[in-house]
Amino acid sequence: MRGHSFFIAGDKMIDSRIKTLANFVNPGSRAADIGADHGYLSIELLKSGKAKFVIATDKNSGPAEVAEKNIVAAGLENFVEVRRGDGLKVINPGEVDTICIAGMGGALICEILRNSPEVVNSADNLILQPMNAPERVSDFISEIDWKIEDIDLAEVGGIVYEIFLAVKPENFSVKTFKKDSSPLLANFLNQRLKKLIRVRNEMSKSARARSGEKFLSLVSEIEKLKNFLNGG
Ligand SMILES: C[S@@+](CC[C@H](N)C(=O)[O-])C[C@H]1O[C@@H](n2cnc3c(N)ncnc32)[C@H](O)[C@@H]1O
């Protein structure tokens, strides 16, 4: 994802991850694209009609300038405001109904949300795609008493990522997660199994870690995943 300098916002750069993120946005939203970098998500949201207005932000001036250039090249400058600054601090409460934060570590996504509770609470939907530590994001959503309404999967460079849609409890309706019928599910579960086995092998080296509750739940999750993947 990184390493794009200025380029024309052609459709080939709008990859399946960006499309999957945009798919969670309600048509006609006022969206924030936090850490917009190249601005592709902002562009896709506007081109697809998912957003009527986007605030694209980035902490760093280089990416903010690239986003601005790509947005102008796409002819969308009247519908996007590019702001440079940290997380949601450059958004006023009530300015957006949908907050998208993608392509960052799970801890950073949580920090950005934690630092701006008024902006978060003035929105209706959070669309979050952590590059790592997805459990931190799901724990944070519970911590602030929001609900995970849906999870989908997207693949980038052979790695499958989870994308979370979180809503306030009063707007929550139970549905089957898109993830559960995704063609990427088996890849995602195999990837998770490998990761858990790596962690288990590391923990096995310490007698103390082996006797802890975390180790037991890890072993149990590994078994469940193996059974599931073997069709059991
Ligand atoms: C890997 S890019 C992801 C770009 C895009 N969101 C995507 O998913 O394709 C991460 C971007 O987040 C920006 N960033 C990092 N920390 C940030 C923060 N606290 N607030 C706003 N932007 C931040 C970086 O400058 C970078 O452009």
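Two strands count as paired here when DSSP finds at least two bridges between them. With that in mind, here are some close-up views of this predicted model.

**Figure 1. Strands β4 and β5 side by side.** Welcome to the pairing of β4 with β5 (residues 125-130), where 6 bridges hold the two strands in a parallel arrangement. To find your place, look for A102, whose bridge partner in β5 is Q129. Strand β4 itself covers residues 98-104 and is mostly covered, with 7 of its 7 residues buried. For this strand, buried means that each residue has 20 or more other C-beta atoms within 10 Å of its own.

**Figure 2. Strands β1 and β4 side by side.** Here we turn to the pairing of β4 with β1 (residues 29-34). These two strands also run parallel, and 4 bridges join them. A handy landmark is A32, which has I99 of β4 as its bridge partner.

**Figure 3. The whole sheet, from β3 to β6.** Stepping back a little, you can follow 7 strands through an open sheet in the order β3-β2-β1-β4-β5-β7-β6. The pairing in this sheet is mixed. Its edge strands are β3 (80-84) and β6 (147-156), each of which pairs on one side only. On average, and with direction ignored, neighbouring strands are turned by 15° against each other. At the β3 end of the order, β2 and β3 run parallel and are joined by 5 bridges. In that pairing A56 stands opposite V82 of β3.

**Figure 4. Helices α1 and α4 on the sheet.** Helix α1 (residues 16-23) packs on the sheet and touches β4, β5, β6 and β7 (159-167). The direction of α1 makes about 165° with that of β6. Helix α4 also packs on the sheet, and the strands it touches are β1, β4 and β5. Between the directions of α4 and β4 the angle is about 150°. Strand β4 is thus a good reference in this view, as it is touched by α1 and by α4.

**Figure 5. The shell around the ligand.** Which residues come nearest to the ligand? Of the 19 residues around it, these are G35, D37, P63, A102 and G103. Two or more residues each come from β2 (51-58), β4 and α4 (106-114). Strand β4 gives the most, with 3 residues. By type, the shell divides into 9 nonpolar, 5 polar and 5 charged residues. You may recognise A102 from the first view, where it bridges to Q129 of β5.

**Figure 6. L216 in helix α9.** Is L216 buried or exposed? This residue of α9 (residues 213-229) has 11 C-beta neighbours inside 10 Å, so it counts as exposed. Its C-alpha lies 9.5 Å from that of R200, and the two residues are 16 apart in sequence.

**Figure 7. The protein as a setting for the close-ups.** To place the views above, note that the protein has 9 helices and 7 strands. Its radius of gyration is 19 Å, close to the 17 Å that the globule rule gives for 232 residues, so the protein is as compact as a globular protein of that length. The C-alpha trace spans about 60 × 35 × 35 Å along its principal axes. Of the 232 residues, 35% count as buried. Among contacts between residues at least 6 apart in sequence, 68% join residues at least 24 apart.

Technical notes
Residues are numbered from 1 along each chain as its sequence is written. This is a predicted model: local features need pLDDT of at least 70, side-chain atom pairs count only at pLDDT 80 or more; totals for chains, interfaces and linings use all residues. A residue is buried if 20 or more other C-beta atoms lie within 10 Å of its own, exposed if 12 or fewer, and partly exposed in between; C-beta atoms are placed from the backbone. A residue is near a molecule or strand if its C-beta atom, placed from the backbone, lies within 6 Å of it. Ala, Val, Leu, Ile, Met, Phe, Trp, Tyr, Cys and Pro count as nonpolar, Asp, Glu, Lys and Arg as charged, and the others, Gly among them, as polar. The radius of gyration is taken over C-alpha atoms; the globule rule is 2.2 Å times the number of residues to the power 0.38. Two residues are in contact if their C-beta atoms, placed from the backbone, lie within 7 Å. Axes are lines fitted to C-alpha atoms, for helices over the stretch in contact, and angles run from 0 to 180 degrees between N-to-C directions.
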